[in-house]
Amino acid sequence: MLLKRYLGTLPGFDYMSDEDLDHVASAMQVEEYPDGHVFLYQDKPAHALHLLIEGEVKVGYYGRLSRYYAVRSLKPGEFFGGLSLVDGRPVMANYSAEGAVKVGSLPLSAFLLLYQPNSALGCHFQHVIASHLAMDLKARHLALRELLGKMYPEG
Amino acid sequence: MAADAWAEYRELLADLLQTDDLAPLLDRASRVTAPAGLQLLKDGGPADAMYLVLDGRLEVHVEFGAHTIRLGEIEPGNWVGEVAYYTRCGTACSTVAALMPSVLLRLPFEAYTDLIRSQAEVACRLAHRLIVMQVQRLRATVNDPVLDPEGRLLMLGDLSIPLDRASRHHGGLLEFIRNLTGVR
């Protein structure tokens with residue numbers, strides 16, 4: 001499948017022109033990774049914006065007493081790593097492959113060039129990042145709702 | 001809506017968007033007055049607009065049945081409802097209500113889409129503002145809420161960006177590198 005065509009189906013990319021999509025797709029490196037490959041480490045900075053294309057990526061974090069908490073699983077079409085790239089602070093969780101996966105990665109240098117509001121492409125890319133973060137916030141709220149459901153199963 | 005309806009908030013809006021050209025936004029928006037307790041968004045309910053707090057304060061909860069987790073408060077200069085827009089789901093992912101009498105700018109989703117398509121620069125400034133806000137909320141909304149003395153679940157983080165930080169605009173590549181490296 002053409003990466004460009006795939007990107008065009010994702011939230012936030014619908015404002016991009018054909019040429020914009022070409023630029024983003026050509027800046028991404030698509031690779032296959034084995035089960036267990038760690039893309040992002042908790043408390044370490046991200047060095048790329050990742051897009052899960054095939055397979056599953058699990059998200060978890062180490063809390064108090066180094067206990068591991070499984071947070072969620074990412075599905076194809078979901079980005080990860082953007083939060084750390086936008087604010088320059090460490091990643092909040094571990095992101096690792098659950099089985100074999102195919103992931104497209106936009107290196108930090110390309111991200112920095114794209115995430116500039118001084119061009120049409122940069123403006124359009126802002127909506128991609130806003131969509132990615134909105135999906136994360138929605139997932140976070142869903143997790144909290146599930147937590148309530150476990151605490152109060154009667155509703 | 002008459003232009004003077006926004007008179008007392010023009011400075012705030014210009015500061016937030018880093019431009020005096022507010023017409024593209026204001027022509028598509030309406031001013032809403034919300035009494036204390038008014039619910040603007042209902043968790044899981046339909047959402048067709050986002051709101052900018054101009055005055056007052058909002059409160060945000062996640063709900064499950066009769067139980068809630070209080071995520072925090074939204075101060076002037078901050079938006080709500082943008083998650084429903086950007087996830088294209090048409091439903092709110094939290095309940096947002098006025099904590100006190102509040103004045104809001106209401107921007108319907110279809111008006112925001114029109115702004116993006118026809119006034120890209122203004123929409124871009126707004127999108128960047130929404131990104132900064134979402135980053136703040138993701139950092140504040142941790143995965144382990146705490147119980148307050150009354151037994152209510154709540155988050156300890158701060159959902160809002162204070163007004164004195166609100167006008168920070170995108171600093172460009174150099175600012176990015178400074179942030180990443182910690183060098184000022």
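Start by selecting Ser105(A), which sits in strand β6 (residues 94-107) of chain A. Keep in mind as you go that this is a predicted model. With a relative accessibility of 8%, Ser105(A) counts as buried, because the cut-off is under 20%. Now show side chains and look for His50(A): the side chains of Ser105(A) and His50(A) are joined by a polar contact of 2.8 Å. To see what else is around, leave out anything up to four places away in sequence; Ser105(A) then touches Ala27(A), Met28(A), Gln29(A), Tyr33(A), Ala48(A), Leu49(A) and His50(A).

Next stop, still in chain A: the loop between β2 (38-40) and β3 (48-62), where you'll find Gln42(A). Is Gln42(A) buried or exposed? Gln42(A) is buried, at 16% relative accessible area. Colour its contacts and, skipping neighbours within four places in sequence, you get two runs of numbers: Gly60(A), Tyr61(A) and Tyr62(A), then Val91(A), Met92(A), Ala93(A) and Asn94(A).

Step along to Asp43(A), which lies in the loop between β2 and β3 of chain A. Asp43(A) is exposed, with a relative accessible area of 56%, whereas Gln42(A) is buried. Check the backbone here too: phi of Asp43(A) is positive, near 70°, and the residue is not a glycine.

Time to cross over. Select Arg145(A) together with Asp43(B) (mind the chain letter) and you have a salt bridge, its closest N and O atoms 2.5 Å apart. How many salt bridges does the rule find across the interface of chain B and chain A? Three of them. Polar contacts across the interface come to 16 residue pairs, both residues being at pLDDT 80 or more.

Before zooming in, take in the chain B side of that interface. The elements giving two or more residues to the side that touches chain A are β4 (58-64), β5 (67-74), α3 (82-86), α4 (109-118), α5 (120-140) and α7 (172-181) of chain B. Highlight α5(B) in its own colour: eleven residues come from it, the largest share of that side. Recolour by residue type and the side of chain B touching chain A divides into 27 nonpolar, 13 polar and eight charged residues.

Now pull back for the whole contact. Chain B puts in 48 residues and chain A 44. The size of an interface is often given as the accessible area lost when the parts come together. For chain B and chain A the buried area is about 4300 Å², with carbon and sulfur atoms giving 69% of it.

Hide chain A and stay with chain B. A cartoon view shows seven helices and ten strands. Of the 184 residues in chain B, 54% are buried. If you have a contact map open, look away from the diagonal: among the chain B contacts with a separation of 6 or more, 73% are between residues 24 or more positions apart.

Select the strands β1, β8, β3 and β6 of chain B, and you have an open sheet of four strands in the order β1-β8-β3-β6, with antiparallel pairing. Which strands stand at the edges? They are β1 (30-34) and β6 (79-80) of chain B; each has a single partner strand, so one side of each is left without a neighbour in the sheet.

Zoom in on β8(B), which is mostly covered, with six of its seven residues buried. Strand β8 (residues 102-108) of chain B runs antiparallel to β1(B), and five bridges join the two. Pick out a couple of partners in β8(B): Thr33(B) is bridged to Val103(B), and Ala34(B) to Ser102(B). Then turn to strand β3 (residues 49-55) of chain B, which is joined to β8(B) by six bridges, also running antiparallel. Here Met50(B) has Leu107(B) as its bridge partner in β8(B).

Last stop: helix α1 (residues 10-17) of chain B. Its buried residues are Leu12(B), Leu13(B), Ala14(B), Leu16(B) and Leu17(B). An α-helix has 3.6 residues a turn, so residues three or four places apart point the same way. Follow α1(B) out and you land on Gln18(B), with a positive phi near 60°. Gln18(B) is not a glycine either. This residue, Gln18(B), lies in the loop between α1 and α2 (23-26) of chain B and is partly exposed, at 31% relative accessible area.

Terms used. Residues numbered from 1 in each chain as written. Chains lettered and ligands numbered in written order. Heavy atoms only, no water. Buried < 20%, exposed > 50% of the residue type's maximum accessible area, 1.4 Å probe, protein only. Contact = heavy atoms within 4.5 Å. Buried area = accessible area lost by both parts, 1.4 Å probe. Salt bridge = Lys/Arg side-chain N within 4 Å of Asp/Glu carboxyl O. Polar contact = N/O pair within 3.5 Å; in protein donor to acceptor, adjacent residues only side chain to side chain. Nonpolar A, V, L, I, M, F, W, Y, C, P; charged D, E, K, R; others polar. Pairing = 2+ DSSP bridges.
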